[in-house]
Amino acid sequence: MTSDQVRDYKLLGILKRQFPKVPLLGLTATATSSVLKDCEKILCVKQPITLTASFNRTNLYYEVRIKGSDDASKNDIASLIKNRYKNQSGIVYVFSQKDAESLSSELQQRDILAYPYHANMDPDDKSRVHRKWTSNKIQVVVATVAFGMGIDKPDVRFVIHHTISKSIENYYQESGRAGRDDSQADCIVYFGFSDIFRISTMVVMENVGQQKLKQMVDYCQNIDRCRRSLMAVHFDEVWDDEGCHQMCDTCRHVKDFTTVDITGHARQVVQIVELASSMDEKLTPLKLVEAWIGKGPAKRRKMIQTTTLSRLQAEAVVVRLLLQEYLREDFSFTPYTTYFYVKLGRKAPLLKSQTHTVSMKMETTGTGSAVVKAVSGQGKAKEGKRSVQSAGDAPVSKKVKTQLP
Ligand SMILES: [Zn+2]
């Protein structure tokens, strides 16, 4: 149960007031401890007994893939379904009804039995898709989160998120539809830059919507911690990474990474945002990245410092700066839509100080041309595997140059 759903239960206290002697049993598949406490209050049961199981579903393998381009991610999904999940049942979650229609038709063109499911479909069509999928007549449902209630199919072998969820609790619940038969199943989420802002504007009216989305983004950008450890925090569980048994991508494939000093990058980005604001111009995250990598208008290119980082790296840095509040969202509303623009965050002024530093962990596999400065890494034992020249105790001032992807 997510905090949105709790709202729907607000009036259920009436049950205990009207029928004080009737025993009441509340059941939920997923709830954080704060949601549980809210439910106890809402249901007005005096001295309730709470029974909970661990959040840890040991048979689920969690993985995050970077979504380079839309086409690449679609090809990747099609190839997974045709090869790794051949003849196996699964769900692909997408952001919108339009995405459900378009992705399912693209999968169909690749001879995959995939059908869309969303709230706006004819009820008969919806139950037909549900029924055929349950009886394995179709392999994949490409759905919005409207596809959820009442799914009780034990042999779902994969749940792929073509777009990130709006919170870790939602992700846990949606991906948790995999592997109910306790056999191994995969939960893969594609993490794309522009999706962050589509979701951000969607949850703009929700109370802690931005905060929850940022936790989800942080989960996706993580490259060195057990995925389960990041989920455990949200279910208030004490977590020992050993309990994962290599059932997440970061535990299974130890990634080479280094802690990179991004202070210089941060200053360049902040300069672009300041310049735009002085020209009374609003910058979307996409425009910001384009300006920074030198794809913006020629007039602006002369006034700013562009970067040699690749687009994906530049996006990763901008995401980090948003998560760490050097940048923040600036919503603009029209009657039809909400726009996400970037403005300076509360920590931006700290960058004026010469001693202030910002760092982030970046993967060091692959080849690339970006030259960045490595600082002391705080990675665990696995960081010992780094192939780059940045000893764990290199002083900040030493300016070690390293090649990044
Ligand atoms: Zn793990």
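What follows is a short dialogue on reading a few features of this predicted model.

Q: Let's start with the metal. Which residues coordinate the zinc ion?

A: Look for donor atoms around the metal. Here the zinc ion is held by the SG atoms of C226, C244, C248 and C251, at 2.3 to 2.4 Å.

Q: What arrangement do the 4 donor atoms make around the zinc ion?

A: Go by the angles: four donors count as tetrahedral if all angles lie between 85 and 135 degrees. In this site the angles run from 102 to 117 degrees, so the arrangement is tetrahedral.

Q: How are the donor residues of the zinc ion spaced in sequence?

A: Count the residues in between, and you get C-x17-C-x3-C-x2-C. C226 and C251 are 25 residues apart and link distant parts of the chain: C226 sits in the loop between α9 (209–221) and α10 (227–234), while C251 belongs to helix α11 (residues 249–252).

Q: And is C226 buried or exposed?

A: C226 is buried, and C251 is too.

Q: Where is D224 found, and what does its side chain contact?

A: D224 lies in the loop between α9 and α10. For burial, the cut-off is under 20% relative accessible area; D224 has 9%, so it counts as buried. Its side chain makes a polar contact of 3.1 Å with the side chain of K361.

Q: Now T337: why is it called partly exposed?

A: Partly exposed covers what falls between the buried limit of 20% and the exposed limit of 50%. T337 has a relative accessible area of 32%, so that is where it lands. You'll find T337 in the loop between β8 (327–333) and β9 (338–344).

Q: How far apart are T337 and M202 in sequence and in space?

A: Check both distances separately. T337 and M202 are 135 residues apart in sequence and 9.4 Å apart in space, C-alpha to C-alpha.

Q: On to the sheet. In what order do the 6 strands come?

A: Trace it from one edge across: β1-β6-β5-β2-β4-β3, an open sheet with parallel pairing. β1 (60–66) and β3 (114–117) are the edge strands; each has a single partner strand, so one side of each has no neighbour in the sheet. On average, neighbouring strands of this sheet are turned by 20 degrees against each other, direction ignored.

Q: Can we zoom in on one pair? How many bridges join β2 to β5?

A: There are 5 bridges between β2 (residues 89–93) and β5 (residues 156–161), and the two strands run parallel. To get the register, pick a residue and see what it faces: S89 stands opposite V156 in β5.

Definitions and conventions. Residues are numbered from 1 along each chain as its sequence is written. This is a predicted model: local features need pLDDT of at least 70, side-chain atom pairs count only at pLDDT 80 or more; totals for chains, interfaces and linings use all residues. Side-chain values use heavy atoms; hydrogens and water are left out. Donors are N, O and S atoms within 2.8 Å of the metal (3.2 Å for Na, K and Ca); water is not among the atoms, so sites may look incomplete. Four donors count as tetrahedral if all angles lie between 85 and 135 degrees; four count as square planar and six as octahedral if opposite donors are over 155 degrees apart and all others between 65 and 115; anything else is irregular. Helices (H or I, at least four residues) and strands (E, at least two) are DSSP runs, numbered from the N terminus. Buried means under 20% relative accessible area, exposed over 50%, partly exposed in between (1.4 Å probe, protein chains only). A polar contact is a pair of N or O atoms within 3.5 Å; within protein, one must be able to donate a hydrogen and the other to accept it, and residues adjacent in sequence count only if both atoms are side-chain atoms. Two strands pair if DSSP finds at least two bridges between them. Axes are lines fitted to C-alpha atoms, for helices over the stretch in contact, and angles run from 0 to 180 degrees between N-to-C directions.
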